[in-house]
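Here is a short report on a chain-to-chain contact and on one strand. Keep the sequence and the structure in view while reading.

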2 protein chains.
Amino acid sequence: MSALEFKNLDTLPAFAALKRLPRIELKKVLSAERVERFSIPMAGGLAFNYAARPVDDAVLDALGQLSREQQLPEKYRALLDGEIFNTGEGRKVLHHLVRGQLGRDVVEDGRNLRAFYVEQQRRIDAFAARVHAGRIVGSTGKPFATVVQIGIGGSDLGPRALYLALTTSAEARGELRLRARFISNVDPDDANETLRGVDLETALFILVSKSGTTQETLTNRQFVIEKMRAAKISGLKPERHMIAVTSETSPLAKSSEYLDSFYIDDYIGGRYSATSAVGGAVLTLAFGPDVFAEVLSGASEADRTALEPDARRNSSMMDALIGVYERNVLGLPTQAVLPYSQALSRFPAHLQQLDMESNGKHVNRDGKPISYQTGPVIFGEPGTNGQHSFYQLLHQGTDIVPLQFVGFRESQDDFDVSIDGSSSRTKLAANLAAQIVAFAIGKDDPNPNKSFAGNRGSSVIHGLQLTPKALGALLAHFENKVMFQGFLWNINSFDQEGVQLGKTLAGRILSGKGLDPVMAAYAKLLGIASPPPRG
Amino acid sequence: MSALEFKNLDTLPAFAALKRLPRIELKKVLSAERVERFSIPMAGGLAFNYAARPVDDAVLDALGQLSREQQLPEKYRALLDGEIFNTGEGRKVLHHLVRGQLGRDVVEDGRNLRAFYVEQQRRIDAFAARVHAGRIVGSTGKPFATVVQIGIGGSDLGPRALYLALTTSAEARGELRLRARFISNVDPDDANETLRGVDLETALFILVSKSGTTQETLTNRQFVIEKMRAAKISGLKPERHMIAVTSETSPLAKSSEYLDSFYIDDYIGGRYSATSAVGGAVLTLAFGPDVFAEVLSGASEADRTALEPDARRNSSMMDALIGVYERNVLGLPTQAVLPYSQALSRFPAHLQQLDMESNGKHVNRDGKPISYQTGPVIFGEPGTNGQHSFYQLLHQGTDIVPLQFVGFRESQDDFDVSIDGSSSRTKLAANLAAQIVAFAIGKDDPNPNKSFAGNRGSSVIHGLQLTPKALGALLAHFENKVMFQGFLWNINSFDQEGVQLGKTLAGRILSGKGLDPVMAAYAKLLGIASPPPRG
């Protein structure tokens with residue numbers, strides 16, 4: 001392996017070459033042959049089809065050159081082997097390790113970290129088995145029926161998106177073990193509304209905070225405890241309804257206030273933690289250990305395919321490269337994620353965090369300012385809903401929005417109806433196919449208001465069904481895409497210094513100390529007339 | 001009133017003047033005095049504070065001039081009076097009329113249209129009263145407990161956002177009459193998952209489709225009917241569990257397949273229909289007529305304040321003007337909507353449709369191409385959740401995203417906890433105040449990775465509590481903002497020709513007729529191997 005070199009994107013010869021290449025006109029080049037050829041098999045039985053992205057062989061060759069100049073495969077291998085890639089915080093990046101072993105053993109202070117992560121999942125499996133068997137029950141003797149995750153950001157969005165993705169299918173098979181609910185916002189209306197639908201005697205709460213100091217999460221923990229007390233149910237003991245997922249050094253670890261604690265560490269970033277104990281606890285309790293093992297297996301297989309050095313055979317690398325081309329050569333500032341799958345209704349919200357928090361950066365990995373654009377704005381809703389909402393702008397607005405579709409041949413639940421000669425699921429697939437073509441090809445019309453310029457690029461990730469394994473593969477595809485884009489931009493995709501200032505200022509407003517006149521004016525505006533002295 | 005003239009934005013002297021004015025540096029000008037002064041009272045006890053938007057008095061004066069040159073107040077009055085503003089389709093735009101009378105009577109074919117809309121809501125109130133009193137019950141004799149809206153786009157997003165916004169408070173007061181659920185996607189997993197939580201014997205379905213031909217909605221209607229048949233419940237009759245909201249000329253009107261039908265017409269666009277029978281039926285059934293009347297009252301009051309010709313006293317006009325300044329002078333392509341209120345969790349999804357479908361246009365109102373940008377990409381999630389997700393990019397990304405915050409002093413439910421000397425609702429407000437300041441002022445730091453450039457503008461709509469009246473005012477503020485922006489861009493904000501091509505191509509794929517090789521390739525890719533012949 002050659003020594004790693006970390007260069008800014010705009011210093012690479014291939015990037016200069018890319019900018020010189022002619023732009024392609026998608027509606028002229030899109031063909032059935034291209035649909036056949038511009039396709040990459042993915043893990044979990046999925047495929048990444050980029051026939052309708054605005055690239056041709058010349059651009060793809062230059063992107064391949066870019067991947068080599070920026071040493072994408074070598075950097076990924078080094079990351080897997082435990083090299084420090086979260087540079088500012090001096091941390092390894094080990095979320096791949098929770099679902100497989102692809103590189104060398106990562107050993108620290110005599111501890112094999114893969115063994116540590118695997119041990120946590122084994123402990124979760126054993127705990128869940130006892131809950132499912134009714135050997136661990138609530139404090140009033142009733143079996144647990146609902147698991148409530150208390151967490152925010154990465155401790156909420158990823159696990160919630162995966163839970164929703166797996167629920168319909170589990171319910172259809174009669175295999176949902178515990179239903180799950182989520183409390184995240186510090187707005188008390190979130191906890192109030194969520195708890196209204198939960199029987200406290202049969203609820204098992206999972207407190208998720210790596211540091212054990214997240215303000216929203218600790219506040220909501222106290223909220224739940226006070227709700228339990230206010231319920232005045234004889235024998236109801238909060239500490240027998242709560243487990244923690246945290247780091248071993250956090251104040252939550254090994255506390256008598258929890259039934260049990262499961263651990264992650266600083267090498268698992270929040271937005272990359274869905275396959276760690278952060279997602280593992282709630283998903284194993286909800287669906288059982290086999291389903292979660294399948295998610296891990298799909299993610300692990302995707303991680304392995306991401307090792308492939310040829311971008312034309314590596315879906316996450318190709319997705320990353322084309323994304324950088326769209327962002328930095330074509331100058332497109334946004335991307336829409338459009339799953340034609342109701343089960344993926346909150347997957348775009350997870351990808352929004354994953355991508356924007358990872359790559360919304362203004363300095364390179366060495367902390368030096370850079371002079372090119374980094375991560376785009378990511379947004380999306382499921383199709384066909386979006387077709388009746390914001391697609392108008394995507395089709396006929398004045399800006400071009402790159403599109404990432406996802407679709408499956410089969411639904412999560414078999415019950416379906418046929419009207420006008422087709423089932424609902426066929427209508428869903430037909431709409432997806434139609435949209436890809438409509439965006440790419442457009443339509444001329446003598447009435448300009450009815451004409452479509454086309455040349456609006458998309459790719460589609462498709463497969464037979466959104467199984468747990470396919471879901472794991474889909475998740476890891478995007479994690480690895482974001483990682484490769486971070487390498488391309490030469491940024492640190494694994495810190496989030498941008499969230500600190502707001503926290504600091506909120507603390508000042510709450511304490512009433514160090515307020516300048518502008519902060520005092522806004523505090524007053526929002527009803528914090530005289531901040532209380534620190535208690 | 002002067003005669004109306006319709007001119008493109010880039011022909012107006014004030015627009016040229018705006019481009020010549022110096023850009024302001026927000027972090028240098030933001031002051032407590034500005035927070036006091038850059039504030040506009042809104043309907044429903046709300047206020048629009050734009051102290052942190054990137055404008056100064058010189059820019060505001062030029063924007064005021066722009067509002068006069070583009071005749072914003074006159075055009076709004078003409079729209080209220082029933083002039084054709086949906087030019088391509090030759091239709092009036094009358095959603096304001098469903099909640100009040102501000103202009104002249106709008107009479108067509110001898111019918112006073114306000115009387116028509118009011119009559120529909122009176123009929124809904126009477127129907128709901130009979131349901132609430134148990135005088136209309138399900139076909140097996142049980143009182144209705146759940147109302148399920150079947151609709152998509154404007155028949156889904158607005159009503160759903162308003163339902164979620166009002167639920168916590170209604171439940172806290174013990175005044176939720178019927179809970180509501182929503183089915184929208186043609187993906188059968190949506191209906192399957194929603195119906196799993198619904199007792200069919202006590203469910204009242206509302207079929208919402210203005211044309212009566214919306215593919216997704218008719219498919220889901222059939223889905224529900226077949227689910228009811230499959231349930232094999234003796235005496236269960238679908239037609240006694242369904243009402244319709246549609247136009248009088250649609251196939252759904254006055255059909256024996258519905259308990260009753262309530263009407264809208266072509267002058268109420270889908271995305272503007274939340275205050276018509278489209279939102280009225282579900283919200284009146286869920287919360288009772290008084291709550292919905294309050295929503296209408298707030299919207300009507302907001303419509304009245306939008307008549308004010310001075311932009312400095314007209315929140316929706318000011319919001320529209322600054323938005324156009326940000327889009328067309330500062331060149332910013334997106335906007336984030338960030339409500340610090342869990343009750344508004346789906347309000348950004350509604351605004352996404354409202355704004356992007358209305359103003360994502362490439363031709364002017366006369367169908368002529370234009371050479372400036374129109375509507376931006378709109379996205380958002382509630383705070384504080386977003387702070388732990390995509391705010392990293394908003395703070396430190398390479399693009400600037402204009403921000404629209406919303407916040408209230410009181411929650412929907414009184415139950416709250418105090419830890420570290422502050423309640424949850426105070427923490428929520430403190431975070432909002434802190435974010436406004438952090439985005440605007442930023443922070444210098446010797447470590448560039450910990451520095452914040454600031455100058456990221458925002459406004460905040462704030463009030464005491466999200467009451468039904470405040471919610472109506474908030475909704476109408478954005479509807480009117482979008483309308484004023486449409487006037488400024490000289491586009492038709494009331495059609496959606498961009499949704500047609502996808503529908504046409506999906507129809508071809510489903511029929512198997514008129515497929516070109518590219519469409520056939522994508523149909524095959526997505527599992528539609530041999531499209532069935534039309535039945």
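The sections below cover the model, the interface, a strand and the core.

## Model

This is a predicted model: local features need pLDDT of at least 70, side-chain atom pairs count only at pLDDT 80 or more, and totals for chains, interfaces and linings use all residues. Residues are numbered from 1 along each chain as its sequence is written, while chains are lettered from A and ligands numbered from 1 in the order in which they are written.

## Interface

Chain A and chain B each put 126 residues into their contact (C-beta atoms, placed from the backbone, within 7 Å). On the chain B side, helix H15 (residues 424–441) gives the most, with 15 residues. Helices (H or I, at least four residues) and strands (E, at least two) are DSSP runs, numbered from the N terminus.

The side of chain B that touches chain A has 53 nonpolar, 49 polar and 24 charged residues. Nonpolar means Ala, Val, Leu, Ile, Met, Phe, Trp, Tyr, Cys and Pro; charged means Asp, Glu, Lys and Arg; the others, Gly among them, are polar.

## Strand S14 of chain A

Six of the six residues of S14(A) (residues 403–408) are buried, so this strand is largely enclosed by the rest of the structure. Buried means 20 or more other C-beta atoms within 10 Å of the residue's own, with C-beta atoms placed from the backbone. A:Leu403, A:Phe405 and A:Gly407 point one way; A:Gln404, A:Val406 and A:Phe408 point the other.

S14(A) pairs in the parallel sense with S12(A) (residues 334–340) over five bridges, and with S17(A) (residues 458–463) over six. Pairing requires at least two DSSP bridges between the strands. A:Phe405 is the bridge partner of A:Leu338, and A:Ser459 that of A:Gln404.

## Core

The largest nonpolar core has 330 residues. Such a core is a set of buried Ala, Val, Leu, Ile, Met, Phe, Trp, Tyr and Cys residues joined through C-beta atoms within 7 Å. A:Tyr522 and B:Tyr522 are among the members that touch the most others. Not counting residues up to four places away in sequence, A:Tyr522 touches B:Val35, B:Ala433, B:Ile436 and B:Val437.

Technical notes: Contact = placed C-beta atoms within 7 Å. Buried ≥ 20, exposed ≤ 12 C-beta atoms within 10 Å, placed from the backbone.
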